[in-house]
Amino acid sequence: MYNRFLLSILSLLAAVSGFAATRTVTSLNAGWTFSPQYDVTKRPVSQTVDVPHSWNLKDVFEGMRYDRSTYLYSRTLTKDASMQGKRVFLKFDGVNTYAEVAVNQRTVGSHKGGYTAFCLEITDALKDGENKVTVLASNAYRTDVAPLSGDFNMYGGIVRPVHLIVTGPDCISPLDHASCGIYVHQNQVDAQKADLTIETVLSLTKGTAGKSLRVSIIDEKNQAVAEQTSPVSGSVMKQQLTVNRPNLWDGRNNPALYRVRAELLADNAVVDCVEDVTGFRSFSVDVDKGFFLNGKYLDLHGVCRHEEGYGLGNLYNEQALRKDAQIIAEMGSTGVRFVHYPHSRYDVQQYDSLGIVLWYELNLAGPGGYASPGYIKNEAFEAGLMENLEEMIKQNYNSPAICFWSLCNELSFKYDEPATFLRKLNERAKQLDPQRLTTLAICYSQDGFQGITDVFGWNKYFGWYNSSGGIGEFMDNAKQEAGGIPVGVCEYGAAGSHLQHGFEKMVSNRVHLEEYQARVHEDNWMQMVKRPYLWCKFIWQYADNPSSIRDEGDMKGLNDKGMVSYDRSVRKDSYYFYKANWSSEPMVYIAARRYTPRVEALTDIKVYTNQPTVTLYVNGKKIGKAKKDSLGRAVFSNVTLKDGENTIEVRSGKLRDTCKWILDKNAIRSIDQKTNKSLDGAV
């Protein structure tokens, strides 16, 4: 229901001109000319493209040196009679990772950082008739643009949509860090009432005389449940509203959404109108008890996710974003960590509508286990990140799903000391948004990071990179050393190819067995589920993602720790393990189903399920029943397969799952189905 509500809201927002004739928002995605920046011939090679667009999608699996350079996009923009006396703005939702914008060969602005929007007023740069808009886009290595490095690819281009905004002389400002210009401050929220301050930023060229501002909170029935009109007294207006007995945004239980509308009036006539989506909730984290939403404990678990789609890189694609959100929700996730940069506003709104809590991260990514720096003490670098932080917060301020602003991922002290700058980032984040909590992700040591943010999380891979001890014991010690600051797990897991099969960990970068990946997740979850003080538990990661520094598994250039394959065609065994533990949707799933042929007649059959018992049939013969254990596993021991094809079926009520296994005693024990070669004894 709420997803349909959100889609209707987005349709309304896309047609803002319907609210007031003085504002129009038009897509500028079509008809760009694309060419290399440094082709100085008289007739450089060019092509016509639509944006979102990137020049290095096809070379993503070519290794370390994918194309990081600079290109030009240009198109014609016509100033006609309808724009006379109006103000004109260009809004770019994302140009990766650096942009310079010119109108008629005159620069009108630039932007550092490819994952936040920016907006430029071009009113004075336009002439009547045709105008040429040029965008220089660069993903080249720079020391003043973040991220400096990362275990992901930085696709170059205009990777998100472009909009032309036309308003009257006075408007709700699109220039406050490319936000919607409206900020819903939730002063106090409970089941009885939501006390709100609505802050609206105005851009006035004709003064305040005769002007007023009307703000409204609108429910799913399109009824205004709170409204106030005030005389305009300046460029920033703050109005107090109360919503009685609000329908709370309550996570997966009830992701209730409202619209906030601001209307600028001149002599009682609407001259501009802007809307955004919001929801009302309260949340907190207890050092011993974990995360609470609206005063109730919520086991905050889910996945880490790159804004990355199969064949799309990080190009904005609404269908792909919706599909990923639905797969994540179906898994039973209550939270998601957006990594390692700000994701698009549309992506955020999918999780608003699904009731999934978000950890939302700044584009300050460290090297992890690799050699590159994530932070350098550089004035321009720090200034750019501080601007990205403000954009990230203001552009997503009204989202009910976002509860945590993350400042960084896996910085180290091997290079310049980052703690001083992180404290500045945290201070600015709390000034901009005192209501949400700040966090960061570490993987080395708490030393130097402790006390910078409200809470924090660990990236630890026991059973994969960490061969000794366990995540439970590690986190118990980390909690003791944290000095009263809540701790969580924001990355854990193991690699697993759905084409490589066997039950033991293989000693090779090229061997990532799906069944071993599932075993690692079972071991980790068994320890974490017993520790409610862990305020978050986020798997690395939702789907396999391209990374040019990876040379492992069954495909070069791919990090295959996902629960879902890169092309989204396969949900791995691990996905169904978590669905059995997290989802209330009845399910049964036969694990190790892709491991065929097999060489041993005697085998255990493991089923992931959230049903009390399941019944096993092999080749049509009933074998027996097994009870689900506390981790959603029903195991049938010492089942005998026949030579050749075997049909494995499990039932629980009306639920069915089936697969076929081949028993071939001359086959290889651990198999790569891509090459049909043995994986045993790999080194």
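**Exercise 1. Two packed helices**

Task: In this predicted model, work out how helix α7 and helix α8 pack, and what kinds of residue form their contact.

Solution:
- Begin with the geometry. Helix α7 covers residues 514-528 and helix α8 covers residues 573-582; they pack at an angle of about 30°, and their axes are 8 Å apart.
- Next, turn the angle into a word. Angles under 35 degrees count as roughly parallel, so α7 is roughly parallel to α8.
- Now look at who meets whom. From α7 come Glu514, Gln517, Ala518, His521, Glu522 and Trp525, and they meet Asp573, Ser574, Phe577, Tyr578, Asn581 and Trp582 of α8.
- Finally, sort these residues by class: the contact of α7 with α8 has five nonpolar, four polar and three charged residues.

**Exercise 2. The surroundings of α8**

Task: Find how many residues of α8 are buried, and name elements that cover them.

Solution:
- Count first: nine of the 10 residues in α8 are buried, which leaves the helix mostly covered.
- Then put names to them. The buried residues are Asp573, Ser574, Tyr575, Tyr576, Phe577, Tyr578, Lys579, Ala580 and Trp582.
- Last, look outward from the helix. The cover over the buried residues of α8 includes two helices we can name, α2 and α7, together with the strands β24, β32 (537-539), β35 (588-590) and β36 (602-609).

**Exercise 3. A second partner for α7**

Task: Describe how α6 packs with α7: what is the angle, and which residues meet?

Solution:
- Helix α6 (residues 471-481) and α7 pack at an angle of about 40°, with 8 Å between their axes.
- That angle makes α6 oblique to α7.
- On the α6 side, Ile471, Gly472 and Glu473 take part; they meet Asn524, Gln527 and Met528 in α7.
- By class, the contact of α6 with α7 holds two nonpolar residues, three polar and one charged.

**Exercise 4. Checking for disulfides**

Task: Decide how many disulfides the model has, using Cys304 and Cys490 as worked cases.

Solution:
- Recall the chemistry: a disulfide is a covalent bond between the sulfur atoms of two cysteines.
- Set the cut-off: the two sulfur atoms must be within 2.5 Å.
- Take Cys304. The closest cysteine sulfur belongs to Cys490 and is 6.6 Å away, too far for a bond.
- Take Cys490. The closest cysteine sulfur is that of Cys536, at 5.6 Å, again too far for a bond.
- Add the setting of both residues: Cys304 is buried at 1% relative accessibility, and Cys490 is buried at 0%.
- The count by this rule is zero disulfides.

**Exercise 5. Ser344 and Asn317 in their loops**

Task: Place Ser344 and Asn317 in the fold, and say whether each is buried or partly exposed.

Solution:
- Ser344 sits in the loop between β25 (335-339) and α3 (345-354). With 4% relative accessibility, Ser344 is buried.
- Setting aside residues up to four places away in sequence, Ser344 touches Arg160, Glu307, Tyr316 and Leu321.
- Asn317 belongs to the loop between β24 (301-306) and α2 (318-330). Its relative accessibility of 27% makes Asn317 partly exposed.
- Compare sequence with space: Asn317 and Tyr346 are 29 residues apart in sequence, while their C-alpha atoms are 9.5 Å apart.

**Exercise 6. Backbone oddities**

Task: Locate the cis peptide bonds at Thr97 and Pro597, and the positive phi values at Asn104 and Asn638.

Solution:
- Keep the background in mind: most residues other than glycine have a negative phi, and most peptide bonds are trans.
- Asn96 and Thr97 are joined by a cis peptide bond with omega about -5°. Thr97 lies in the loop between β6 (95-96) and β7 (98-103).
- Both Asn96 and Thr97 are among the residues that Ser138 touches. Ser138 itself is in strand β10 (residues 129-138) and is buried at 4% relative accessibility.
- A cis bond also joins Thr596 and Pro597, with omega about 5°. Pro597 is in the loop between β35 and β36.
- Asn104 has phi near 55°; it lies in the loop between β7 and β8 (106-112) and is buried at 19% relative accessibility.
- Asn638 has a positive phi of about 55°; it lies in strand β39 (residues 633-640) and is exposed, at 55%.

Notes. Residues are numbered from 1 along each chain as its sequence is written. This is a predicted model: local features need pLDDT of at least 70, side-chain atom pairs count only at pLDDT 80 or more; totals for chains, interfaces and linings use all residues. Side-chain values use heavy atoms; hydrogens and water are left out. Buried means under 20% relative accessible area, exposed over 50%, partly exposed in between (1.4 Å probe, protein chains only). Axes are lines fitted to C-alpha atoms, for helices over the stretch in contact, and angles run from 0 to 180 degrees between N-to-C directions. Helices (H or I, at least four residues) and strands (E, at least two) are DSSP runs, numbered from the N terminus. Angles under 35 degrees count as roughly parallel, over 145 as roughly antiparallel, 65 to 115 as roughly perpendicular and the rest as oblique. Contact means heavy atoms within 4.5 Å. Ala, Val, Leu, Ile, Met, Phe, Trp, Tyr, Cys and Pro count as nonpolar, Asp, Glu, Lys and Arg as charged, and the others, Gly among them, as polar.
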